Amino acid sequence: MKHFTKKTSGIVLLSALVLFSGCSKSDNPVSNAVSSLTSESQPKRYEIKSGIVHYAPMNLMGMGTTTETLYFDDYGRKEAVETITESNVMGIKTYEHRVQITDGTIGISYEIKKTVNGKDETSKVAQKGDISEFQDMAKMMASTMDINELKKNMDYREEGTETISGVTGKKYSVAMNKEQPDARVYGVMYKNIVLKSEMGSISKTAERIEENAAVPASKFAIPEGYTVEEVNLAEEMKKAGMEESEE
């Protein structure tokens, strides 16, 4: 379940950046984003009903690449992130094709294919769990946070606009550590969709966007032939946190 929890932690960070992005049409986008999050049981994640976003291969600090494709429907209430990672670390060549799905309050993670030095190690087990606890936590945090103070502490800056893959999004940056104001995270958002994100040498950029695309329902379902393993995501997150603190 490590893959799911690591992906979840990344989503938490990204969600915070979306909140600060100012992509809403209102005059006070950040406040309205918080209001939407606290008032709707399943708020809209994006301002487009459906879409497919193809990202350029991302360099993993010289050890390989990750290529990501985002599929979403119902304004992001249904979302699937498909990643292909190819790496070569100390002579161990790994190919991994994975899918992470969020459908309402359900989170799903499974492998499509995995090989290590050419040997097939694909697991036909799909892990499935309830993520409502994390959603409730996000709503509670959003309802109590002082947005202006948070933006000040993170040195939030609006950096104008940038056109990527034919669409123009809003550019922003934040400092994750106010003691290091030059170590910044940069991003470009379009209708709450990440067009670009940069943190140090790690960069992710959209190379093609299909707005209001007809996304097959199969993208949000577990394929036939897989065993479904029900997991307690809250417990898995705690375990992952303990493992990381020990490393």
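Which residues line the largest cavity? Y55, A56, M58, T66, E68 and K204 do so, and the legends below, written for a predicted model, begin with an overview before turning to this cavity and to other close-up views.

**Figure 1. Overview of the protein chain in the predicted model.** The protein chain has 247 residues, of which 38% count as buried, and its secondary structure consists of five helices and 14 strands. Among the contacts in the chain with a separation of 6 or more, 52% are between residues that stand 24 or more positions apart. The accessible surface of the protein chain amounts to about 13,700 Å², and carbon and sulfur atoms contribute 51% of that surface.

**Figure 2. Close-up of the largest cavity, lined by residues that include Y55 and K204.** One cavity of 30 Å³ or more is found in the structure, and the volume of the largest cavity is about 30 Å³. Its lining is made up of Y55, A56, M58, T66, E68 and K204. Of these lining residues, T66 and E68 fall within the span of strand β3 (64-73), while K204 falls within that of strand β13 (202-211).

**Figure 3. A nonpolar patch on the surface, with V89 as one of its members.** The patch is formed by M61, M63, V89, M90 and I202, which together offer about 550 Å² of accessible area. V89 belongs to strand β4, which covers residues 78-89. With a relative accessibility of 35%, V89 counts as partly exposed, because this value lies between the 20% under which a residue is buried and the 50% over which a residue is exposed.

**Figure 4. The salt bridge between the side chains of K219 and E82.** The structure holds 15 salt bridges, and in the one shown here the distance from N to O is 3.3 Å. K219 is located in the loop between β13 (202-211) and β14 (227-230), whereas E82 is located in strand β4, so this pair ties together parts that are 137 residues apart in sequence. The two partners fall into separate classes of accessibility, since K219 is partly exposed at 25% relative accessibility, while E82, with a relative accessible area of 16%, is buried.

**Figure 5. The salt bridge between E96 and R98.** The side chains of E96 and R98 meet with an N to O distance of 3.4 Å. E96 counts as buried at 12% relative accessibility, and R98 is likewise buried, with a relative accessible area of 8%.

**Figure 6. The salt bridge between R208 and E210, and a network of shared partners.** The closest N and O atoms of R208 and E210 are 3.0 Å apart. R208 counts as partly exposed at 44% relative accessibility, and E210 is also partly exposed, with a relative accessible area of 27%. In addition, E162, K171, K196 and E198 are joined into one network by salt bridges that share partners.

**Figure 7. Surroundings of Y75, in the loop between β3 (64-73) and β4.** Y75 has a relative accessible area of 24% and is therefore partly exposed. When its neighbours within four places in sequence are left aside, the residues in contact with Y75 are K44, R45, Y46, E47, I48 and K49. For one of these, K49, which is 26 residues from Y75 along the chain, the C-alpha atoms of the two residues are separated by 4.2 Å.

Conventions
Residues numbered from 1 in each chain as written. Predicted model: local features only at pLDDT ≥ 70, side-chain atom pairs only at ≥ 80, totals over all residues. Heavy atoms only, no water. Helix = DSSP H or I, 4+ residues; strand = E, 2+ residues; numbered from the N terminus. Buried < 20%, exposed > 50% of the residue type's maximum accessible area, 1.4 Å probe, protein only. Contact = heavy atoms within 4.5 Å. Areas by Shrake-Rupley, 256 points an atom, 1.4 Å probe, with all protein chains shown as cover. Patch = residues over 30% accessible without salt bridge, like charges linked within 9 Å, V, L, I, M, F, W, Y side chains within 5 Å. Salt bridge = Lys/Arg side-chain N within 4 Å of Asp/Glu carboxyl O. 1 Å grid on protein atoms, 1.4 Å probe; cavity = no way out; pocket = protein on both sides within 12 Å on 5 of 7 lines; lining within 4 Å. Points joined across faces, edges and corners; volume = space filled by probe spheres on them.
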